[in-house]
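Student: Could you walk me through this protein? I'd like to get a picture of how it is put together.

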Amino acid sequence: MREKESVEVILNDFETNPKCPKHGPTVLFASKSQKYFSCSCDRSKDCFYLEYDKFLRIKDQIESGNETETSKNEGTIKEFDLRKDPDQRFFCITCDEFTVDSQKSHKSHQVKKVSDDNLQNPSLFLPQLNNDKVNAQYFFDNTTLGFIDSVLDSLQLDHVICIGAPRLHDYLRNKSSKKSLLLDIDKRFQPFYPEEFCHYNMFNNYFFNGKKDEDKLEQFLKNSNKDEKSHHCLFTDPPFAARTELLTHTIRTISSLYFRMNHKLLPVFWIFPYFNECHIKKYMPEMEMLDYQVTYMNHHAFNNEYKGRKEGSVVRIFTNIPQNLIKYPTSMTDYRFCKPCNRFVSKSNLHCNICKICPSKNGATYRHCKLCRKCMKPNYKHCSTCDRCTVTNHDCKEFQMHQECRKCHVKGHVEKYCKSAKKLNKK
């Protein structure tokens, strides 16, 4: 079986890269066999693809056309008086704009009347996008929203930058006294939040409306003299297929801006599956994973009703805030405080007195393996051939191909068959 070629992200100045007509500056990728520019959102060849060598040959042509390309995407959103009576307030789903006339100017279009509740919760009113590769929209349920809000309250964080988290933005505006600014790729939210929204691409830190929205973010991050006690944080719920290098670059950029303006570190909350922990920590080692299981109202596998996975949702919250400072509500009976670990964990996550930690990552109760010298998933068994704990009935040769040797740190074999270690022993 041929192993898929790894692709590296080249983090350069995105503004010098060719631009995707839909999503702004592209990203430079490199593998052993090729180097190319691809769309930051849709990395398939369907959206944008250009070989690096070809780019160098036609660079002047592309640079002269960049402004024209992006202007197609920016467009202008018609202003609308949101205070109008609901009987005069319609939204055209076809045109993504408000109107007082549902018949003449938008004849044959899909037009909906906008109630006051719709106006306050556009994340529930607008048809949800469902392209998992680019912009699928899954919204936190009330249990998760309440948990997030309580954590923000306990930490006294009252200004939230929501990157790709429109449902949280709605919730904070309606259910709490916190201020929120939404940065999102879905420009349909703009007419609903004229002052609290930036049309934005999180993967290249690109503001589609340019300096106007860049200034809006800076103003939100700034602690004015009248509001010296405000405390900011950044909260992001990116697509699970997101390249962590790109999102880390964006978070670092905004955090640096905040530090220059306020001389304080910016608290960060990042929603991602637990099995991507290694990718986040590779680029942001200060991030730690909470044991809280994040659930969604419209995701078939990550909600409270789904019974297909007995351990619950795989989605977690990663943060740079010390875990001992994060308090869970007393009403949450599925979690407990572990004194030795000095943090809240799931009740199923039992403390190991040998490892000195609550080891579970996936919601199951782990068991300690003396041969591996670490805690393992309960469905894993120790294989004498592989000298590792893994699932039963596995292909030893195939399994070992994907393991990293703990002696030489080279991928493709386990310690038992390490040639480098044997050579050292002979010497």
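Student: What share of the contacts with a separation of 6 or more comes from residues 24 or more positions apart?
Tutor: This is a predicted model, where local features need pLDDT of at least 70, side-chain atom pairs count only at pLDDT 80 or more, and totals for chains, interfaces and linings use all residues. Residues are numbered from 1 along each chain as its sequence is written, and side-chain values use heavy atoms, leaving out hydrogens and water. A contact means heavy atoms within 4.5 Å. For residues 24 or more positions apart, the share of those contacts is 50%.

Student: In what order do the eight strands of the open sheet run?
Tutor: Strands here are DSSP runs of E with at least two residues, while helices are H or I runs of at least four, numbered from the N terminus. Two strands pair if DSSP finds at least two bridges between them. The pairing in this sheet is mixed, and its order is β13-β12-β11-β10-β14-β15-β17-β16.

Student: Which strands sit at the edges?
Tutor: Look for strands that pair on one side only. Those are β13 (206-207) and β16 (288-289).

Student: How many bridges link β15 and β17?
Tutor: Strand β15 covers residues 268-273 and β17 covers 315-319. They pair in the antiparallel sense, and the bridge count is five.

Student: Is H169 buried or exposed?
Tutor: H169 lies in helix α6 and touches residues including C162, L181 and Y193. Buried means under 20% relative accessible area, exposed over 50%, and partly exposed in between (1.4 Å probe, protein chains only). H169 has a relative accessible area of 0%, so H169 is buried.

Terms used: Lists of a residue's contacts leave out its neighbours within four places in sequence.
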